[in-house]
Amino acid sequence: MASRPLTFVVGTGRCGSTALSEVLRLHPQILSLSELMASLEPSALPEGTLSGEEFWDILASPPAFANRLIREGFGLPEHTYPGSGGRFSAEGGGIPAVSMTTLPHLSDEPDALFDALRPVVCGRPRGPVGEHHRALFEALAERFGSVAVVERSGFSLRLVPRLREVFPEARFVHLYRDGPDCALSMSRHPGFRMIQLMREGGDVPGELAALMSDESAEVKPLLTRHVPVSAFGRLWSDTVVEGLTYLGALPGGLVLPLSYEALLDAPDAELHRLAEHIGVEPLSGWLAGARVLLDGGRRGSAERLPPAELAALRESCAAGARALRV
């Protein structure tokens, strides 16, 4: 049987992509994989071949630093594994990578789904990582009766070249959002505060290295230090410019640009475009449910910043905004 159509939603992160995953999950024909690639990084798409057991280790190994952030009260909002009632915990050996977000997004019983996937994955022969991922997608799609697969991870524009290499058949959706609003959201997110810190010079990278290798080093001082929101504007802009270069190198027709603001303003029209690109029907019940989920309440949040701070933020986003208008 031919593989189901595969699409990757890519973006800067904090661009409405989590909300889009929730919308996609409502569609009965779509297998919505939330944060799979991001959860498995930096081991999501290794070179060479690996056995089924080795691929399972990538899925099932608890990411040490992500679990540490949860233990210290800085867990990411995307990490939706149940804090109580689940078999795994950040304090008790760690939550597996695939259980952080992907499995809870699919099922109210993520541990049972984890257990069901193990023999399927471990029983596979040695092969390229793309073949293992496709087998995982097919097993989940068969389980949930899906006809199309959509993976969505935050901060994923940087992965486009490798995704294209591993999955040459895949389509892409580029979800983007107003730069100042997106950057302001980044500034309030622990994961993006970590990303921004890694971009800084001086002693900060060394402090981060110590933080990741030394359990006694304190997380709070680095994650709560003052960082101008304009620094996140530069992060947003650089990510957009780089990502558009990657997307522009793909064959025509493979990439659907999708504005978060347009999705809020005209959900039915934009979701019709999205459904056609993914390869599913724009079902009326799905459109109705999506309209309820798409909340524009955070739109324009940057406009409430003090004038000087807003002006600096807009300037820091200028290059990315120009690139998106091309």
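Q: How many cavities of 30 Å³ or more are there, and what makes a space a cavity?
A: The count comes to 2. A cavity is a set of points, on a 1 Å grid over the protein atoms alone, where a 1.4 Å probe fits but cannot get out. This is a predicted model, where local features need pLDDT of at least 70 and side-chain atom pairs count only at pLDDT 80 or more, while totals for chains, interfaces and linings use all residues. Residues are numbered from 1 along each chain as its sequence is written, and side-chain values use heavy atoms, leaving out hydrogens and water.

Q: What lines the largest cavity?
A: Ser3, Arg4, Leu6, Arg134, Phe137, Glu138, Val149 and Glu169 do, each with an atom within 4 Å of a point. Helix H8 (residues 129-144) gives the most, with 3 residues. By class, the lining has 3 nonpolar, 1 polar and 4 charged residues.

Q: Why does Thr102 in the lining of the second largest cavity count as polar?
A: Thr is in neither the nonpolar set (Ala, Val, Leu, Ile, Met, Phe, Trp, Tyr, Cys and Pro) nor the charged set (Asp, Glu, Lys and Arg), so it falls among the others, which count as polar. This lining divides into 8 nonpolar, 1 polar and no charged residues, and H8 again gives the most, with 3.

Q: Why are strands S2 and S7 said to stand at the edges of the sheet?
A: The order is S2-S5-S1-S6-S7, with parallel pairing. S2 (30-34) and S7 (255-259) each have a single partner strand, so one side of each is left without a neighbour in the sheet.

Q: How do you know that S6 and S7 pair?
A: Pairing takes at least two DSSP bridges, and 5 join S6 (residues 171-176) to S7. Within these strands, Tyr176 stands opposite Ser259.

Key. Helices (H or I, at least four residues) and strands (E, at least two) are DSSP runs, numbered from the N terminus. On a 1 Å grid over the protein atoms alone, a cavity is a set of points where a 1.4 Å probe fits but cannot get out, and a pocket is an open set with protein on both sides within 12 Å along at least five of seven lines; lining residues have an atom within 4 Å of a point. Grid points are joined across faces, edges and corners, and a volume is the space filled by probe spheres set on the points.
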